[in-house]
Amino acid sequence: MANFPVISLEKINGEERGQVLEQIKDACENWGFFELVNHGIAPEFMDKVERLTKEHYRKCMEQRFNEMVASKGLEAVQSEIDDLDWESTFFLRHRPVSNISEIPELDEEYRAVMKEFAAKLEKLAEELLDLLCENLGLEKGYLKRAFLGSTGPTFGTKVSNYPPCPKPDLIKGLRAHTDAGGIILLFQDDKVSGLQLLKDGAWVDVPPMRHSIVINIGDQLEVITNGKYKSVMHRVIAQTDGTRMSLASFYNPGADAVIYPAPALVGEEDCGEVYPKFVFEDYMKLYAGVKFQAKEPRFEAFKNVDTASNVGEIATA
């Protein structure tokens, strides 16, 4: 099997742009995941994000997680647990309206740093969407406009820590799933591994790499690209040693955005649109109850629904 794709953006605006675009295209078509280096976010700033995130977990969340484990008797389980994940999390919403000021226990430095980090990631997400447009033959800005809805995209960060687990064979850090949204940008621990994706029927490790951002395709991009790019099942394996940090930022469509295959990507050989049209918020309501199941029935559920039949095509100007 080929090595997990690691792509440098250092030369994206130079003579080697074509090569970088080809690497991104191959990763999107064949992996649904890739790891970005030289992405424009300063290593020193990423070190600060990591330090503050780990400090916050130790000060504010570790004891609560240990109390939860004790209350459920998870350290003594003898059979596989399939309705719980071995993770400690909270969620920061950035767009359309930020909730960073409302999250209790965040100190002011951490709030300010996460707000700045979110702005950098949002810019990177939009740059990547335009690179995907270029590879797909779509007009620049098409994917960003497809996500807009009436209030702009939805953007947020799931801050997770995966503590040492005494029974990693019986409890997953995070059960296998595809991501419901658009494009996902992950800043993960570079010392403690655990993230895996499903490729050709086998689980493949996503290698921890210092100062990298892991990118993956969500269900909405699979629909808009008419299956040219596909979301991929992935999971987190709990580890017996070390706490794994994970900052997953989701650049998603707005709640009322209408999602459907880009007309330019619906060819005669596809016999029309392979994927349905739906409102993103409706998809998320369905996803909430079936996240850890196969994605195909989710798509099928919307094929016979007349969603926003009067909505026009996405603006191209």
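The following dialogue examines a predicted model of one protein chain, from its overall build to its pockets and selected residues.

Student: How many helices and strands does the protein chain have?

Tutor: The model is predicted, and the count refers to the protein chain. Its secondary structure consists of seven helices and 13 strands.

Student: How compact is the protein chain for its 317 residues?

Tutor: For 317 residues the globule rule gives 20 Å, and the chain lies close to that value, so it is as compact as a globular protein of that length. Along the principal axes, the C-alpha trace spans about 55 × 45 × 45 Å. The radius of gyration itself is 20 Å.

Student: What percentage of the residues of the protein chain count as buried?

Tutor: A residue is buried when its relative accessible area is under 20%. The accessible surface of the chain comes to about 14,500 Å², with 49% of it belonging to carbon and sulfur atoms. Of the 317 residues, the buried portion is 53%.

Student: Among contacts between residues at least 6 apart in sequence, what percentage join residues at least 24 apart?

Tutor: A contact requires heavy atoms within 4.5 Å. With pairs at least 6 apart in sequence as the basis, the share that joins residues at least 24 apart is 80%.

Student: Which element gives the most to the lining of the largest pocket?

Tutor: The largest pocket has a volume of about 630 Å³ and is lined by 36 residues, with Phe91, Lys158, Asp179, Phe250 and Lys291 nearest its centre. The elements that give two or more residues to this lining are β3 (88-95), β4 (154-162), β5 (174-177), β6 (183-188), β10 (234-236), β11 (244-252) and α6 (280-290). With six residues, the element that gives the most is β4.

Student: How many charged residues does the lining of the largest pocket have?

Tutor: By class, this lining includes 18 nonpolar and twelve polar residues. The charged residues in the lining of the largest pocket number six.

Student: Which element provides the largest share of the lining of the second largest pocket?

Tutor: The second largest pocket holds about 260 Å³ of space. Its lining comprises 19 residues, and Leu198, Lys230, Ser231, Val232 and Met233 are the closest to its centre. Two elements, α1 (17-30) and β7 (195-199), give two or more residues to this lining. The largest share, three residues, comes from α1.

Student: How many charged residues line the second largest pocket?

Tutor: The lining of the second largest pocket has six nonpolar and six polar residues. Its charged residues number seven.

Student: Which helix provides the largest share of the lining of the largest cavity?

Tutor: The structure holds one cavity of 30 Å³ or more, and the largest cavity has a volume of about 40 Å³. Its lining is formed by Leu52, Glu55, His56, Lys59, Glu105, Asp107 and Tyr110, and by class it has two nonpolar, one polar and four charged residues. Four of the lining residues come from one helix, α2 (residues 43-72).

Student: Which residue follows Arg95 across a cis peptide bond?

Tutor: Most peptide bonds are trans. The bond from Arg95 has omega near 5° and is cis. It leads into the loop between β3 and α3 (108-136), where Pro96 lies. The residue that follows Arg95 across this bond is Pro96.

Student: Is Asp200 buried or exposed?

Tutor: Asp200 is found in the loop between β7 and β8 (202-205), and its phi is near 50°, a positive value in a residue other than glycine. A relative accessible area over 50% places a residue in the exposed class. At 68%, Asp200 is therefore exposed.

Student: Is Asn226 buried or exposed?

Tutor: Asn226 sits in the loop between α5 (219-224) and β10, and its phi, near 55°, is positive although the residue is not glycine. The limit for the buried class is under 20% relative accessible area. At 5%, Asn226 therefore counts as buried.

Student: With which residues is Thr240 in contact, leaving aside its neighbours within four places in sequence?

Tutor: Thr240 is found in the loop between β10 and β11. At 47% relative accessibility, Thr240 counts as partly exposed. Beyond its neighbours within four places in sequence, Thr240 is in contact with Pro164, Cys165 and Pro168.

How values were computed
Residues numbered from 1 in each chain as written. Predicted model: local features only at pLDDT ≥ 70, side-chain atom pairs only at ≥ 80, totals over all residues. Heavy atoms only, no water. 1 Å grid on protein atoms, 1.4 Å probe; cavity = no way out; pocket = protein on both sides within 12 Å on 5 of 7 lines; lining within 4 Å. Points joined across faces, edges and corners; volume = space filled by probe spheres on them. Nonpolar A, V, L, I, M, F, W, Y, C, P; charged D, E, K, R; others polar. Rg over C-alpha atoms; globule rule 2.2 N^0.38 Å. Buried < 20%, exposed > 50% of the residue type's maximum accessible area, 1.4 Å probe, protein only. Areas by Shrake-Rupley, 256 points an atom, 1.4 Å probe, with all protein chains shown as cover.
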